[in-house]
Each structure stands twice: as C-alpha cells, then as structure tokens.
Amino acid sequence: MSRDEVWNRIRVDAEADAGTEPALASFLHSTVLSHPRLEDSLSYILAGKLESSAMNALTLRQLIDEALREDPAIGSSVREDLRAVLSRDPACRSYLVPLLYFKGFHSLQAYRVAHYFWTHDRTALALYLQSRISEAFAVDIHPGARIGKGIMFDHATSVVIGETAVVEDDFSMLHEVTLGGTGKVGGDRHPKIGRGVMIGAGAKVLGNIRVGEGAKVGAGSVVLEDVAPFTTVAGVPARPVAYPANAHPALDDIGL
Ligand SMILES: CC(C)(COP(=O)(O)OP(=O)(O)OC[C@H]1O[C@@H](n2cnc3c(N)ncnc32)[C@H](O)[C@@H]1OP(=O)(O)O)[C@@H](O)C(=O)NCCC(=O)NCCS
C-alpha cells in the first residue's frame with residue numbers, strides 16, 4: 001500500500017469492481033490496476049481520450065507524463081479535485097468514478113496539462129491540446145486561464161472559460177457556464193471568480209468583473225456586474241436575490 005490515500009481507495013474500489021463485474025476487469029486493469037501511481041493512471045486515461053489521427057496515445061502520454069513530472073502541483077490539484085467531487089456530488093460515491101467517467105474531471109485535468117505547456121513557452125502544443133479537449137469533452141478552456149484546486153465541473157458540457165479568466169480554489173460549476181468576454185474590450189477581459197463560489201447551470205458571467213468569495217450565481221443568469229462576496233445573484237441581468245447560508249456554497253453537497 002502506498003501512503004497516497006486517494007490512490008489506495010481508487011485501487012481498492014477498482015479491484016472490487018473487477019471482481020464483481022468480470023466484463024469490466026480488463027478495462028479496470030488497463031486504466032487503474034496496472035499502474036503504480038494515480039499520475040500514471042490519469043495520463044493513460046487522458047491519452048486514450050485525447051488521441052487522434054494527428055497525435056497518437058503514446059506521444060500524448062509522454063507529454064502528459066512530462067507535465068505531471070515537472071509540475072507536482074498538478075498531482076496535488078488532481079487529488080483535491082477528486083475530493084471536491086466526492087464531497088459535493090451526491091451522485092458520486094467513490095474517487096474511481098470521476099477518474100474513469102466524468103468529463104468535467106477529465107477536461108479539467110487535461111486543461112491543467114495544457115496550462116503547464118502554455119506557461120512553459122510551448123503555446124502551439126497548449127493550443128493543440130485545447131482544441132482536442134474541446135472536441136473530446138465539449139469543454140473549451142483557454143490554456144492561459146488560471147484555475148485553482150478543489151474544483152468541480154459537474155456535467156460540464158458546453159463550459160467555456162476565456163484566456164484571462166481567473167478561478168480561485170474550491171469552486172463548483174454546472175454545465176453550460178461561460179466565463180467569457182463581453183466582446184467589447186480586449187486585453188484582460190474575462191471574469192475573476194473568488195474562492196468557494198458556486199455557479200449554476202447555463203449562467204453566463206461576462207467581462208472583467210469580480211464574483212466575490214462565497215457568492216452563488218443562479219442557473220440561467222447573465223452576470224454583467226461585480227457580485228459582492230457571500231451574495232446570491234440570479235436573473236437576466238443578474239441581481240442580488242439572497243445571501244447563502246454557507247460561507248462557501250461551492251463546498252455544499254449541491255444535491256443535483
Ligand atoms: C440561485 C439558487 C442557487 C438558489 O439560491 P438561494 O440562495 O437558495 O435562493 P432562493 O432559492 O431562496 O431564491 C431567492 C429568490 O431568487 C429566485 N431565484 C432562484 N434561482 C433563480 C434563478 N436561477 N433565476 C432567477 N431567479 C431565481 C427565487 O425565485 C427567489 O425569488 P423570490 O425571493 O422572489 O421568491 C438556485 O435557485 C439555483 O439556481 N441553483 C443552481 C442549480 C443548478 O444549476 N442546477 C442544475 C442541475 S443539473
């Protein structure tokens with residue numbers, strides 16, 4: 001047993017599933033049980049999802065391994081993101097499930113790899129990865145965006161995050177959320193999202209505005225102005241409607 005609690009639990013669950021469902025045994029062996037570390041399992045899974053006629057899985061795996069090896073903070077964030085999903089998503093009962101199946105988790109980890117290359121003067125490769133992530137997962141995150149740890153993208157289909165967006169730790173967001181520009185200005189043009197924020201499905205947060213720590217954004221809202229910390233906004237355009245009971249609503253079990 002390693003001292004990595006998240007990885008130990010993933011292996012225990014994979015062994016149990018392989019025992020009770022023989023049809024999945026080979027899949028669980030190749031994705032999880034044959035690997036010594038979570039990082040190795042993750043790079044195998046992501047490379048398989050992102051391979052294409054332009055770049056095979058072996059080459060992708062070497063690149064993903066390189067990013068994970070050179071920046072160990074990515075591995076820490078991966079574990080924090082798995083903890084986030086397990087604690088907040090009532091439909092998720094193990095770390096194994098997001099690792100294998102959740103495209104919100106896959107797209108976020110693949111973005112972390114693309115961001116590594118973006119910040120290490122390999123922007124052409126980072127943009128290639130952004131394009132493949134968008135095709136494979138329907139999640140379009142510019143590799144220049146900065147995203148913290150303890151993040152959950154639930155469902156995640158149609159999420160868009162722009163180049164100059166910044167997302168602090170412990171953030172939760174549903175599908176079809178845009179953190180985008182207004183189309184009216186250049187430069188630093190995307191939202192800044194504080195710690196512990198929760199953004200509901202379909203919300204559009206537009207412009208270089210700040211959503212304060214612990215704020216909640218209702219589903220379907222269009223947010224065009226700063227949101228005060230610890231405030232719930234909703235509607236089109238979004239207006240304050242309530243004050244969250246929890247200081248960091250992203251950490252709530254979102255009960256979906
Ligand atoms: C905003 C939200 C987080 C609730 O926050 P809350 O602090 O508990 O707020 P309340 O439910 O008390 O609602 C406060 C007011 O805002 C209104 N409101 C709530 N959500 C709204 C929304 N998305 N759009 C417009 N108005 C909304 C309520 O009707 C209520 O209005 P009232 O005071 O006139 O009665 C929740 O409604 C929401 O949108 N969650 C996102 C869930 C999601 O994305 N689900 C997708 C699952 S796949």
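This text walks through a predicted model of one protein chain, from the overall fold down to single residues.

Start with the fold as a whole. The protein chain carries eight helices and 15 strands. Its radius of gyration is 18 Å, close to the 18 Å that the globule rule gives for 256 residues, so the chain is as compact as a globular protein of that length. The C-alpha trace spans about 50 × 40 × 30 Å along its principal axes.

Next, the packing. Of the 256 residues, 51% count as buried. Contacts with a separation of 6 or more tell about the chain's long-range links. Residues 24 or more positions apart account for 46% of them.

The surface comes next. The protein chain exposes about 11,200 Å². Carbon and sulfur atoms supply 53% of that area. As for charge, there are 25 positive and 31 negative side chains. The centres of the two sets lie 2 Å apart.

Now divide the chain. The domain assignment gives domain 1 as residues 1-138 and domain 2 as residues 145-256. The contact between them draws on 18 residues from domain 1 and 26 residues from domain 2. Taken over C-alpha atoms, the centres of the two domains are separated by 25 Å.

Gln130 is a good place to look within domain 1. This residue sits in helix α8, which covers residues 123-137. Is Gln130 buried or exposed? Its relative accessible area is 15%. The cut-off for buried is under 20%, so Gln130 counts as buried. Which residues does Gln130 touch, once neighbours within four places in sequence are set aside? They are Asp140, Ile141, His142 and Pro143. By the domain bounds, domain 1 ends at residue 138 and domain 2 starts at residue 145. These four partners of Gln130 therefore carry numbers that fall between the two assigned ranges.

Move on to domain 2 and its backbone. His155 lies in the loop between β3 (152-153) and β4 (159-161). Phi of His155 is near 65 degrees, a positive value in a residue other than glycine. The residue is partly exposed, with a relative accessible area of 44%.

Phe230 offers a second case of positive phi. Here the angle is near 55 degrees, again in a residue other than glycine. Phe230 belongs to the loop between β13 (222-223) and β14. Its relative accessible area is 35%. Partly exposed means a value between the 20% and 50% cut-offs, so Phe230 falls in that class.

Follow the chain past Phe230 to the loop between β14 (232-234) and β15, where Pro237 is found. Which form does the peptide bond from Val236 to Pro237 take, cis or trans? The bond is cis, with omega near -10 degrees.

Finish with Ala245. This residue is in the segment after β15 (239-242). Its relative accessible area is 89%. Exposed means over 50%, so Ala245 qualifies. Where does Ala245 stand relative to Glu80? The two residues are 165 residues apart along the chain. Their C-alpha atoms are separated by 24 Å. By the assigned bounds, Glu80 falls in domain 1 (1-138) and Ala245 in domain 2 (145-256).

Notes
Residues are numbered from 1 along each chain as its sequence is written. This is a predicted model: local features need pLDDT of at least 70, side-chain atom pairs count only at pLDDT 80 or more; totals for chains, interfaces and linings use all residues. Side-chain values use heavy atoms; hydrogens and water are left out. Helices (H or I, at least four residues) and strands (E, at least two) are DSSP runs, numbered from the N terminus. The radius of gyration is taken over C-alpha atoms; the globule rule is 2.2 Å times the number of residues to the power 0.38. Buried means under 20% relative accessible area, exposed over 50%, partly exposed in between (1.4 Å probe, protein chains only). Contact means heavy atoms within 4.5 Å. Accessible areas come from the Shrake-Rupley method with a 1.4 Å probe; for residues, only the protein chains shown count as cover. Lys and Arg count as positive and Asp and Glu as negative; His and the chain ends are not counted. The place of a charge is taken as NZ of Lys, CZ of Arg, CG of Asp or CD of Glu.
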